[in-house]
Amino acid sequence: MRQQLNFFESQRTTFNEQLELTIQSLKAYGEKYDHWVIAWSGGKDSTALVTLVVYLIESGQIPAPKKLTVLFADTRMEIPPLFFSAQGIMKQLRERGIRVETVMAPMDDRFFVYMMGRGVPPPSNTFRWCTPKIKVEPMMARLREMHQQTGKKFLLLTGVRQGESAKRDGRIAMSCGKDGAECGQGWYQVSASDDICDKLAPLLHWRVCSVWDWLSLFAPMERHGSWKTALLADVYGGEEAEEINARTGCIGCPLASKDKGLMVVIKIAEYNYLAPLMELKKLYRELKKPRWRKRKTEWQYKSDGSLSKNQNRMGPLTMEARKMALYTILKIQQRVNLQAKAENKPRIDIINIHEVIRINELIAKNTWPRGWTGKEEKGDFPFIQRFNDGNVQSDLFIKPSEISI
Ligand code: SF4
């Protein structure tokens, strides 16, 4: 059973040591920059960072920079209560006079538009297009613009954590599964160019339990800023959060084995109406199947003329798959919102009318990912197995004369 946390006793040293290191790092590096920028996704690590930095400035424990900007990365895919929580914190930040900007991917790069409009299959561990498209690239574009406006380097603060036991080998973990870390934060750390900013991860050494303690216990206290962070901790399991160690990410993240965050959320009576969103993960799994995909069935070559390793690879979603997926997602959203109306709860907006129009436009224009034309066979169509050493394994039911090699 988890030991009761007491700010003043046994755990104090650990938490305070971590806090002290954070203060020291912000003091040591912060004073060299007029402008600090915080990359905030609305997830637990970066929310802890935003609220802690503002608290430390307001309480005089670190000097205030001349300018502070918070960049909120809106992926449109966050679990709704996390988004609602971010909205509340954003209001608190603005009431304090802090500049908060929302950063979002351009229309064609948004998760559903990229998938159903262009036909790119749901992301996977071997083809993780989502993090760059919906999180990293929009943030990098805004950071470059900010640098162009002043021509001066700024300090980028990220919520990257490695935990106490992490090896200090200079390599920043980019995985979204490690120690419940927040997807995207590590990428911000490595992708932001050193020419425009220097980067600091003030919570690098924080353990996940300290993040939860800050969000659920300390940050909501008046003397620490009365932050509305308890909701964030609650939706990730409240008292159980440390054990669940849920990763902060998108609804139905296809890279996670289970939709742990959403599973916790829908057990809370207040958010039970979001239960149909659990079907998104099933939809992504379905879309990976050959019947919804195109396949290369001719020999594939590399640019130097040698045979590619990736013979017979499956590729984009067929037009039928995209239409089926769009219909399914709209139905899921409609079911949630009908229930929201009946229960007088906040509606969700994971896909909006502009995105639907753009998806339909791209489908009408017969849009395919680079290297595909749509004329390829369907993934479940019988095909001749080709190997990158030039051999083929023919089908017993196809006459050799019919095989094109
Ligand atoms: S949480 Fe999952 S779906 Fe979202 S950007 Fe990260 S890896 Fe992609």
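At what angle do helix H2 (residues 44–58) and helix H7 (residues 208–218) pack, and how far apart are their axes?

**View A. Packing of helices H2 and H7 in the predicted model.** The two helices pack at an angle of about 55°, and their axes are 10 Å apart. H2 is therefore oblique to H7, as angles from 35 to 65 degrees fall outside the parallel and perpendicular classes. The crossing of H2 and H7 is left-handed.

**View B. Helix H5, residues 130–150.** H5 has 21 residues, which at 1.5 Å a residue should span 30 Å. The C-alpha atoms at its ends are 30 Å apart, so the expected span and the model agree. At Val136 the helix bends by about 40°. A proline, Pro138, follows Val136 within four residues. After H5 comes Gly151, with a positive phi near 75°.

**View C. Residues around the ligand.** Eleven residues surround the ligand. Those that come nearest are Cys130, Cys183, Gly249, Cys250 and Cys253. By class, the shell holds seven nonpolar, two polar and two charged residues.

Definitions and conventions: Residues are numbered from 1 along each chain as its sequence is written. This is a predicted model: local features need pLDDT of at least 70, side-chain atom pairs count only at pLDDT 80 or more; totals for chains, interfaces and linings use all residues. Side-chain values use heavy atoms; hydrogens and water are left out. A residue is near a molecule or strand if one of its heavy atoms lies within 4 Å of it. Ala, Val, Leu, Ile, Met, Phe, Trp, Tyr, Cys and Pro count as nonpolar, Asp, Glu, Lys and Arg as charged, and the others, Gly among them, as polar. The expected span of a helix is 1.5 Å times one less than its number of residues. The bend at a residue is the angle between axes fitted to the seven residues ending there and the seven starting there. Axes are lines fitted to C-alpha atoms, for helices over the stretch in contact, and angles run from 0 to 180 degrees between N-to-C directions. Angles under 35 degrees count as roughly parallel, over 145 as roughly antiparallel, 65 to 115 as roughly perpendicular and the rest as oblique. A crossing is left-handed if the near helix is turned anticlockwise from the far one by less than a right angle, and right-handed if clockwise.
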